[in-house]
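Trainee: Please take one part of this model and look at it closely. Start from a single residue and work outwards to the strands around it.

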Amino acid sequence: MGTIVCQDCNSTIHFFDDEKVTVLYGKCNNCCTEKNRKKSNHQ
Ligand SMILES: [Zn+2]
């Protein structure tokens, strides 16, 4: 089982089949633009 996790908010974006446990980092829709990153600065 592989998982793609957002590197900004740690939410799970996607699962994919894999022989071992794999975690990849990406950006979810909420964090993919600079505009939204500035809006959610209060984390
Ligand atoms: Zn995110």
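Mentor: Threonine 3 is in strand S1. Strands here are DSSP runs of E with at least two residues, helices are runs of H or I with at least four, and both are numbered from the N terminus. This is a predicted model: local features need pLDDT of at least 70, side-chain atom pairs count only at pLDDT 80 or more, and totals for chains, interfaces and linings use all residues. Residue numbers start from 1 along each chain, as its sequence is written.

Take the surroundings of threonine 3. It has 15 other C-beta atoms within 10 Å, so it counts as partly exposed. The scale is simple: 20 or more other C-beta atoms within 10 Å of a residue's own make it buried, 12 or fewer make it exposed, and anything in between is partly exposed, with C-beta atoms placed from the backbone. Set aside the neighbours within four places in sequence, and threonine 3 is in contact with Thr12, Phe15 and Val23. Contact means that two C-beta atoms, placed from the backbone, lie within 7 Å. Valine 21 is 18 residues away from threonine 3 in sequence, yet their C-alpha atoms are 7.8 Å apart.

Now the sheet. Three strands form an open sheet in the order S2-S1-S3, with mixed pairing. S2 and S3 are the edge strands, each pairing on one side only. From one strand to the next, the twist averages 20°. The angles behind such values run from 0 to 180 degrees between N-to-C directions, with axes fitted as lines to C-alpha atoms (for helices, over the stretch in contact). Two strands pair if DSSP finds at least two bridges between them.

Look first towards S2, residues 12-16. S1 and S2 run antiparallel and are joined by four bridges. Threonine 3 has phenylalanine 15 as its bridge partner in S2. Valine 5 is bridged to threonine 12 of S2. Cover is scant on this strand: of the five residues of S2, the number buried is zero.

Now look towards S3, residues 22-26. S1, residues 2-6, runs parallel to S3, and five bridges join the two. Cysteine 6 has glycine 26 as its bridge partner in S3. None of the five residues of S3 is buried, so this strand lies largely in the open.

The turn that links S1 to S2 deserves a look too. The hairpin has five residues between the strands. One residue in this loop is asparagine 10. Its phi is near 65°, a positive value in a residue other than glycine. Asparagine 10 is exposed, because its C-beta has 9 others within 10 Å. Aspartate 8 lies in the loop between S1 and S2 as well. With 17 C-beta neighbours inside 10 Å, aspartate 8 counts as partly exposed. Its C-alpha is 8.3 Å from that of cysteine 28, 20 residues apart along the chain.

Last, the whole chain. It holds one helix and three strands. Along the sequence the pattern is β-β-β-α. Of its 43 residues, 0% are buried. Among contacts with a separation of 6 or more, residues 24 or more positions apart account for 5%.
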